[in-house]
Amino acid sequence: MTRTIYVAGTGITAFGKFADASLGSLGREAGAAALADAGLTARDVDVVTCGCARSGTQHGRESGVGQYIGWELGIEGVAVYNEKAFCASGAMALNVAHLAITSGGHDVALVLGVEKMSSRKGRGRPLTSDGMVLEGEQGFSPPAYYAMAARRHMAEYETTREQIAAVAVKNRRAAADNPKAQYRDPITLDDVLNSKTIVAPLNLLDCCPTGDGAAAVVLVSEAGAERLGLVPEVRIDASVVGSGFYRKQDRNMTSFALDRATSTKAYEQAGVGPSDIDVAEVHDSFSVAEILHYEDLGFCEPGMGGKLVEAGETAIGGRIPVNTGGGLLNRGHPLGATGVAQIVELCDQLRGRSGSRQVVGASTALAHISGGFHDGDFATSGVTILSRPDAVA
Amino acid sequence: MIEVGIESLGRSVLEPDGSGELRIAASRCPECGDVRFPRREFCVNDGLPNDPVQLAGTGVIYEAVFVGVPPGGFDEPFWAGYIDLDEGVRLFAQIARADGEDAPTHGQRVEMQLREIGVRPVLAPVFVNADGGRHA
């Protein structure tokens, strides 16, 4: 990487179910907030990237969500890239903006992630998965996949149902302090264990909700920051995405080669290791997913993820706090918005403005997201590593 | 009866064998022997055109779960999971149990039956205990 890239500003809407909101209004609110936070205007932006996974099936707008939001914001005459990568669409938009600036062709990128799902057909049922259409005809759904992974993890490592539920309780505790989160009322282990069974062993409170929301970040090159008089605090040290591995059919569902490959590349690019991470956002679409990802990200040894959360090591105040904004489970999971919302949360942490959920002294942060399924593996995953250089130095 | 695969892939994943019985349609690389379901035209290992093959429909359960809240298109809860077929293919399918039969277990031998699933319904491979699902 030849150019240093910073996050100059962030913005996020409340996540939830908003009947009157549109992709345009949600994106505009987050985008305007990010530009204001950076001290910039629409005229300063020279490239827009936008992650939105289901605009076509849900809003009849297959193409051009980024153009639509740019139009709402008064951004004109710039390159706009629309990214559709399942749950990782926002992370992909960040990666493309990173590429665009790294290329030297752009200096100021507005990265948007947006989704509006509250009006979707089939409410109250699990979402289907675009990459698993044949399996979908036979009843496949993401909670079924993760329930199978949970059963494998429980069988191979003696992970307990309570350890899995502890992820949901921990992340709800964090969400209580996040005014943007969709679900904030405290829950207990018993609440999780006694909630309605979706796909055994996973219950309703083990599953992320659907909803509406948008998030945005402004990326700038070092040259762009100088020209605009910005002094950004957060640097992007790695932005890596990858696709799945499909040659091996008898894969072990407790670990994902894709996440191991993506995170290894990201650690190499950033020149850090798992033990350097002070705070992380990890894809907890389902409670058990967070446990699997701890292990693939190197936060603990294989099989130890359940014990890690049970011991409180991933709670705020623990060794490596994970999902301090509530995670997908509680902040909510408007698909395309999530990958950018993770960056918003980590930038707040690195800038010391997370209030009562602040991880004291956080200087290096990691975001991980999984996107969709294909042929029994994930379709994509993304890892971003951020730091606050003045704190690191 | 609509066969599984027609809606999602534009073609059935079942096809009749020599005696007219419907089998799972798969592919096999003439070089490395990699067997794939659904059928793939080319082997990603060798770049060669694959040969069409039909699977015996026997294997073991890798993992199975009870889907209590089914996705759209299904009104009733069901068991489903990944089946490791004897030819080396892992596939997702529903699993049927006879009344009083225990829950599916890791490594349990199963065999394919063709059953109607879902609201529409579609004809799909459903796996039962390897004695034909009669045993309780």
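How many of the residues of strand β11 (residues 377–387) of chain A are buried? In this predicted model, the strand is mostly covered, with 11 of its 11 residues buried. The points below describe the pairing of β11(A), then helix α3(A), and finally the side of chain A that touches chain B.

**Strand β11(A) and its partners**
- Strand β8 (residues 234–243) of chain A runs antiparallel to β11(A), and eight bridges join the two.
- Within this part of the sheet, S239(A) has T384(A) in β11(A) as its bridge partner.
- Strand β10 (residues 364–374) of chain A is also antiparallel to β11(A), to which 10 bridges join it.
- The bridge partner of G371(A) in β11(A) is T380(A).
- β10(A) and β11(A) form a hairpin with two residues between the strands, where D375(A) takes a positive phi near 50°.

**Helix α3(A)**
- Helix α3 (residues 65–73) of chain A has as its buried residues V65(A), G66(A), Y68(A), I69(A), G70(A) and L73(A).
- The cover over these buried residues includes α1 (23–38), β2 (47–51), α2 (55–59), β3 (79–83) and β4 (108–116) of chain A.
- After α3(A) comes G74(A), which has a positive phi near 80°.

**Contact between chains A and B**
- In the contact between the two chains, 28 residues of chain A meet 34 residues of chain B.
- On the chain A side, the elements that give two or more residues are α5 (133–137), α6 (142–157) and β5 (197–199).
- Of the elements on this side, α6(A) gives the most, with six residues.
- The residues of chain A that touch chain B comprise 12 nonpolar, nine polar and seven charged.

Terms used
Residues are numbered from 1 along each chain as its sequence is written. Chains are lettered from A and ligands numbered from 1 in the order in which they are written. This is a predicted model: local features need pLDDT of at least 70, side-chain atom pairs count only at pLDDT 80 or more; totals for chains, interfaces and linings use all residues. A residue is buried if 20 or more other C-beta atoms lie within 10 Å of its own, exposed if 12 or fewer, and partly exposed in between; C-beta atoms are placed from the backbone. Helices (H or I, at least four residues) and strands (E, at least two) are DSSP runs, numbered from the N terminus. Two residues are in contact if their C-beta atoms, placed from the backbone, lie within 7 Å. Ala, Val, Leu, Ile, Met, Phe, Trp, Tyr, Cys and Pro count as nonpolar, Asp, Glu, Lys and Arg as charged, and the others, Gly among them, as polar. Two strands pair if DSSP finds at least two bridges between them.
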